[in-house]
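Hi,

Here is the structure I promised to pass on. Have a look at it first, and then read on for what turned up when I went through it.

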Protein chains: 2
Amino acid sequence: MTREIFLKLIQAREFKAVQSVLNVMNPVDIAALLEDLEGTDLALAFRLIPKDRAAETFSEMRPSRQACLVERFTDTELKALLDALFLDDTVDLLEELPANLVTRILAAVDKDKRAQINTLLGYPEDSAGSIMTTEYVRLKPDMTVVQAIDQIRKTGIHKQTIYTCYVLEARQLVGIVSAKDLLTADDAVRVGDIMTRRIVSVNTTADREDVAKLLSKYGFLALPVLDAQGYMVGIVTIDDAVDVLEAETTEDLSIMAAVNPSEKPYFESSVWDHAKNRIVWLLVLMFSAIATGSILTYYENAFQAIPLLVSFVPMLMDTGGNCGSQSSTLIIRGLALEEIRLTDIFRVMFKELRIALLVGFTLAAANGLRILITYRSVKMAFVIALSLMATVIISKLIGCTLPLLAKKVRLDPAIMAAPLITTLVDTCSVMIYFAIATRVFGL
Amino acid sequence: MTREIFLKLIQAREFKAVQSVLNVMNPVDIAALLEDLEGTDLALAFRLIPKDRAAETFSEMRPSRQACLVERFTDTELKALLDALFLDDTVDLLEELPANLVTRILAAVDKDKRAQINTLLGYPEDSAGSIMTTEYVRLKPDMTVVQAIDQIRKTGIHKQTIYTCYVLEARQLVGIVSAKDLLTADDAVRVGDIMTRRIVSVNTTADREDVAKLLSKYGFLALPVLDAQGYMVGIVTIDDAVDVLEAETTEDLSIMAAVNPSEKPYFESSVWDHAKNRIVWLLVLMFSAIATGSILTYYENAFQAIPLLVSFVPMLMDTGGNCGSQSSTLIIRGLALEEIRLTDIFRVMFKELRIALLVGFTLAAANGLRILITYRSVKMAFVIALSLMATVIISKLIGCTLPLLAKKVRLDPAIMAAPLITTLVDTCSVMIYFAIATRVFGL
C-alpha cells in the first residue's frame with residue numbers, strides 16, 4: 001500500500017477499504033502510513049485502526065502526529081488510549097507534548113497511575129529511571145509453579161513483558177525466574193527453588209547507555225531497576241534498550257563529525273537548528289587552523305626559494321589527518337565496546353607505533369619513488385619520504401592517545417575524532433615538513 | 001573478583017574456592033574471567049563451571065579460547081558440550097575453528113544435527129541463514145491453548161526461545177502466537193483463533209543487517225526465516241540481532257574512517273593486519289591529494305607575489321573538509337536509519353543549501369572581521385570571506401549528495417565519509433580561493 005493511494009482512500013472517505021487495509025497491517029507500518037496525514041484525516045484514519053493495535057500504533061508515531069491526535073480525541077477516546085498504553089510510552093508522550101495537552105492527559109488517568117507517571121517523569125533525562133516501566137510481573141518465592149503461572153495469567157496482560165518475572169520479598173528483589181523456567185518445571189516446584197539469585201540490576205540514576213549495553217552484553221530481555229534504598233521500582237526492556245543504543249550511536253557519530261547531537265531526525269530539525277548545531281565547532285576548528293597558517297607564513301622564505309615545496313602541503317596535511325582519524329576512530333569504537341580500557345594506553349601506543357612504521361614506510365616509499373621519477377630530485381624525494389614517515393607516526397600516536405586521555409578526564413572520547421585530530425595533526429605535519437625541508441635544502 | 005586473584009586460585013589448585021566463585025557468577029562474566037587463562041589452567045577452570053552454565057559460558061568465549069578448550073576436551077566432554085550448545089552457537093564455533101577441530105566436532109554430533117549444521121554452514125556469510133537457528137517451537141492451528149502450552153513444556157527446554165511460537169501447516173508458516181497470548185487466553189481456545197496472520201518474515205538469503213533492523217523496527221523478539229520455496233526453516237532472535245547491529249555499526253565506522261573493516265577486536269588483530277586494513281585507502285587518498293597540490297603549483301605566481309595567500313590555505317581546506325563531513329555523516333546516518341530516502345535528494349540539497357548559507361555567512365563574517373583587524377586589508381578580508389562562503393556551500397552540497405549517489409549505484413554510503421569528502425573538497429576550495437584571489441588582486 002503506497003502512502004498516495006492510502007491518502008486518496010481517506011480523502012474519498014472510503015472507510016470500508018481503509019479498514020481492510022489497516023486490518024492486515026502491523027502497528028509499526030500503520031504508523032508509517034499515517035505519517036503524512038493531517039488534522040481530521042489523521043483522526044479519522046486513527047479511529048479505523050483495529051482496537052487491539054491502536055495504542056501500539058499511537059506509541060510508534062512521531063510526537064507532532066501524537067499531539068495532533070490528542071487535540072482531536074474526545075475525553076472517552078483519550079481515556080481508552082491511556083488505559084491501553086504502556087506506562088513508559090505514556091511518559092515518553094508527556095515529555096514531548098505541549099503543556100496544555102499534558103494537563104489534559106494527567107486529568108484523564110486515574111490517581112494511582114498519575115502518581116506513577118509523576119515519579120517516572122521525575123527521573124533525570126538519560127537515566128535508567130527515565131526509560132524504565134513499572135509494569136512487570138511480581139512473584140513470591142514460596143509460590144508454586146502453578147500459582148506463578150496463574151499469577152502471570154491474571155495480571156500478565158497488562159504487563160510489558162511476562163518473560164522475565166521478578167521474585168520479591170518485602171519489596172526487595174531476591175530472585176529472577178523466566179517464563180521458560182516456569183513452563184518447563186514441574187507444577188509443584190516452588191519459585192524460590194528454580195529462581196536464580198545471580199541478579200544483575202541497575203540503579204534508577206544509572207546512565208541509560210550503560211543500561212542498554214548491560215542488557216545487550218548479558219543477552220537479557222529485561223533488567224531490573226532498583227532505587228537508592230535497594231527496592232525494586234521497575235524494569236528496562238530490550239526493545240527500549242535497542243532504541244537507546246541506536247540513539248547513542250547517532251549521538252556519537254554526530255559528535256565525531258563535529259556536530260552538536262540532536263535527538264530529532266534529519267528532516268524534523270529546522271535549517272536554523274542544523275546551522276546552530278554545526279557552527280560552534282566549525283568556528284573553533286577554523287580559528288585553530290590559523291596556527292597551521294602561521295607556520296606557513298613563518299617559512300615564507302623557504303617556499304619563496306623553492307615554490308614546489310607548497311604543492312606537497314595538502315598531501316601531507318590530508319595523509320596526517322587520515323592516519324590520525326583512522327587510529328582515533330578505532331580507539332573510540334574500542335572504548336565504546338569496552339574492548340579497550342584506560343589502562344591499555346601503553347599497549348595501544350606500542351601497537352599504533354608499529355602499525356605507523358609499516359604504514360609510514362609504505363607511503364614514504366610510494367611517494368618518494370613518484371617524486372624521484374617526476375621531478376628527478378633525490379633531495380625532494382628524501383624530504384617528502386621523511387616528512388611522510390614522521391607525519392604518519394606522530395598522527396597515529398596523537399590519534400590513539402587523545403581519545404584515551406579524553407576518557408581519562410571524563411570527556412566523551414568521540415570529540416577526539418577526525419575534525420579535531422585533523423586540525424591538530426595539520427600543525428604538526430606542516431611543522432615537521434618545513435623543519436626537514438629547510439635543513440635538507442639549507443634554506 | 002579480579003582476574004589476578006582468580007588466576008592465583010587456579011594456579012594454587014584451590015578448586016573449592018574456584019567453584020564457589022564460579023557458582024555465583026553469570027556466564028558472560030565467567031567467560032570474561034577466563035579470558036587470560038591458558039592451556040591446562042583454562043581446561044581445569046572450565047570443568048569447575050556449574051553444568052547448567054558451562055555451554056553458555058563456552059559460547060561467550062573468544063574463538064582462540066574455544067579452540068584451546070576443544071583441543072583439551074575428552075570425547076565425552078565434547079559430546080556433552082555440543083548437546084547443550086544451541087545450534088547457531090555451534091555453527092559460529094565451527095566457522096572459527098581450525099579444520100582438524102571442525103572434523104572432531106562434526107564426528108561428535110549425531111547424524112541429524114550434523115545435517116542441520118551443514119545446511120546452516122552452507123548459507124552465505126552475512127545472510128539471514130547464517131545467523132538463524134533451527135530450534136524454535138512449532139504449533140498447529142487446531143491445537144488448543146492447553147495443548148500448545150503442553151507442547152512448549154515438552155520441547156521448549158531445547159529451544160532458544162519459547163516466547164514466539166510458530167504455527168505451521170504442511171511446513172508453511174500460517175501464523176504466529178506469543179507465549180503471552182497463550183498464557184493469557186482461555187484453555188479451550190484454539191491456537192488458530194488467537195494467532196496473528198500478519199507475518200513479517202525474511203528469506204534465508206536476506207542481508208543480516210536488514211534482518212536485524214527489521215527486528216529492531218518492529219520490536220519483535222524473533223523473526224521467522226523462510227527458504228526459497230516459502231517453507232519455514234528457522235528464526236533469528238533479538239540477542240543475535242543486537243550483536244549484528246553492533247558489528248555493522250563498527251563496520252560502518254571503520255569504513256567512514258577509511259579503514260577496511262575487520263570483525264576482530266582491536267587487540268585481536270595483528271599489527272600487520274591493522275596496517276593492511278589502513279594502507280590501501282591511505283595510498284588512494286594520498287595520490288588524490290596531489291591534485292590539490294598541482295593547483296597550488298599552478299598559482300605559483302600568485303603566492304610568489306603575495307606570500308600571505310598561502311597561510312590561509314590550511315584554514316580553507318580544513319573548514320571545507322569539516323563542513324563536508326558534517327553533511328555527509330548526517331546523511332549517511334539518516335540513510336542507515338531510513339529517515340532519508342534516495343528520492344529525498346533534492347529536498348536534502350535544498351535544506352543543506354540553506355544551512356550552508358547560514359553557516360557560510362557566519363564563518364565568513366567572523367574570519368573577514370579578524371583579517372580586517374589583523375592585516376588591515378579590505379581586499380584580503382573580502383577574498384577570504386567570499387572563498388569561505390563558496391567553500392562552505394560547495395562542500396555541504398558535495399557532502400550531502402555523494403552518500404546518496406553512492407547508495408543509488410549500490411555502494412555503501414559510508415565510503416563517502418570524512419576522508420574521501422575532505423580530499424574532494426580540498427581541491428574545490430583551493431581552486432575557488434585562488435580563482436577569487438587572482439581576480440581581486442589582479443594577479
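B:Ala170 is exposed, because just 6 other C-beta atoms lie within 10 Å of its own and the cut-off for exposed is 12 or fewer. Its place is the loop between β2 (164–169) and β3 (172–178) of chain B. What caught my eye there is the backbone: phi of B:Ala170 is near 50°, a positive value in a residue other than glycine. Most residues other than glycine have a negative phi. Do keep in mind while you look at such details that this is a predicted model.

There is another one of that kind in chain B. B:Glu338 is not a glycine either, yet has a positive phi of about 60°. You will find B:Glu338 in the loop between α20 (313–336) and α21 (345–375) of chain B. B:Glu338 counts as exposed too, since it has 11 C-beta neighbours inside 10 Å and exposed means 12 or fewer.

Now the chain as a whole. Chain A comes to 23 helices and six strands, and it is divided into domain 1 (3–122), domain 2 (138–237) and domain 3 (266–440). How far apart do the C-alpha centres of domain 1 and domain 3 of chain A lie? They are 51 Å apart. The C-alpha trace of chain A spans about 90 × 60 × 35 Å along its principal axes. For the radius of gyration, a compact globule of 443 residues would come out near 22 Å, but chain A has 30 Å. As for burial, 46% of the 443 residues of chain A count as buried. Of the contacts in chain A with a separation of 6 or more, 70% are between residues 24 or more positions apart.

A couple of pairs give a feel for the distances within chain A. A:Phe15, in helix α2 (residues 15–23), has its C-alpha 67 Å from that of A:Thr427, which is 412 residues away along the chain. A:Phe15 is partly exposed, with 14 C-beta neighbours inside 10 Å. A:Arg62 sits in the loop between α5 (51–60) and α6 (63–72) of chain A, and is also partly exposed, with 15 other C-beta atoms within 10 Å. From A:Arg62 to A:Gly368 it is 306 residues in sequence and 56 Å in space, C-alpha to C-alpha.

On to how the two chains go together. A turn of 180° with a shift of 0.0 Å along the axis lays chain B on chain A with an RMSD of 0.1 Å. That is the relation of a two-fold axis. Which C-alpha of chain B is nearest the axis? It is that of B:Gln304, at 3.1 Å.

The contact between the copies involves 88 residues of chain B and 88 residues of chain A. On the side of chain B that touches chain A, helix α17 (residues 271–298) of chain B gives the most, with 16 residues. That side divides into 50 nonpolar, 25 polar and 13 charged residues. The copies meet through the same surface, because 100% of the interface residues of chain B are also interface residues in chain A.

B:Val200 is a handy place to see a contact across the chains. It touches A:Asn26 as well as B:Leu214, B:Tyr218 and B:Leu223, leaving aside residues up to four places away in sequence. B:Val200 lies in the loop between α14 (191–194) and β4 (202–203) of chain B and counts as partly exposed, with 15 C-beta neighbours inside 10 Å. B:Asp142 is 58 residues from B:Val200 in sequence and 22 Å from it in space, C-alpha to C-alpha.

Last, the nonpolar cores. The largest has 131 residues, and A:Ile421 and B:Ile421 touch the most other members. Helix α22 (residues 378–408) of chain A supplies the largest share of this core, 16 residues. If you want to trace the surroundings of A:Ile421, it touches A:Gly321, A:Gly324, A:Ser325, A:Ser328, A:Ile398, A:Gly399, A:Leu402 and A:Met416, again not counting residues up to four places away in sequence. Apart from that core lies another, of 86 residues, with A:Ala222, B:Ala179, B:Val211 and B:Ala241 among them.

Cheers

Methods
Residues are numbered from 1 along each chain as its sequence is written. Chains are lettered from A and ligands numbered from 1 in the order in which they are written. This is a predicted model: local features need pLDDT of at least 70, side-chain atom pairs count only at pLDDT 80 or more; totals for chains, interfaces and linings use all residues. Copies are superposed by least squares on the C-alpha atoms of residues with pLDDT of at least 70 in both. Two residues are in contact if their C-beta atoms, placed from the backbone, lie within 7 Å. Domain bounds come from an automatic or database domain assignment. Helices (H or I, at least four residues) and strands (E, at least two) are DSSP runs, numbered from the N terminus. A residue is buried if 20 or more other C-beta atoms lie within 10 Å of its own, exposed if 12 or fewer, and partly exposed in between; C-beta atoms are placed from the backbone. A nonpolar core is a set of buried Ala, Val, Leu, Ile, Met, Phe, Trp, Tyr and Cys residues joined through C-beta atoms within 7 Å. The radius of gyration is taken over C-alpha atoms; the globule rule is 2.2 Å times the number of residues to the power 0.38. Ala, Val, Leu, Ile, Met, Phe, Trp, Tyr, Cys and Pro count as nonpolar, Asp, Glu, Lys and Arg as charged, and the others, Gly among them, as polar.
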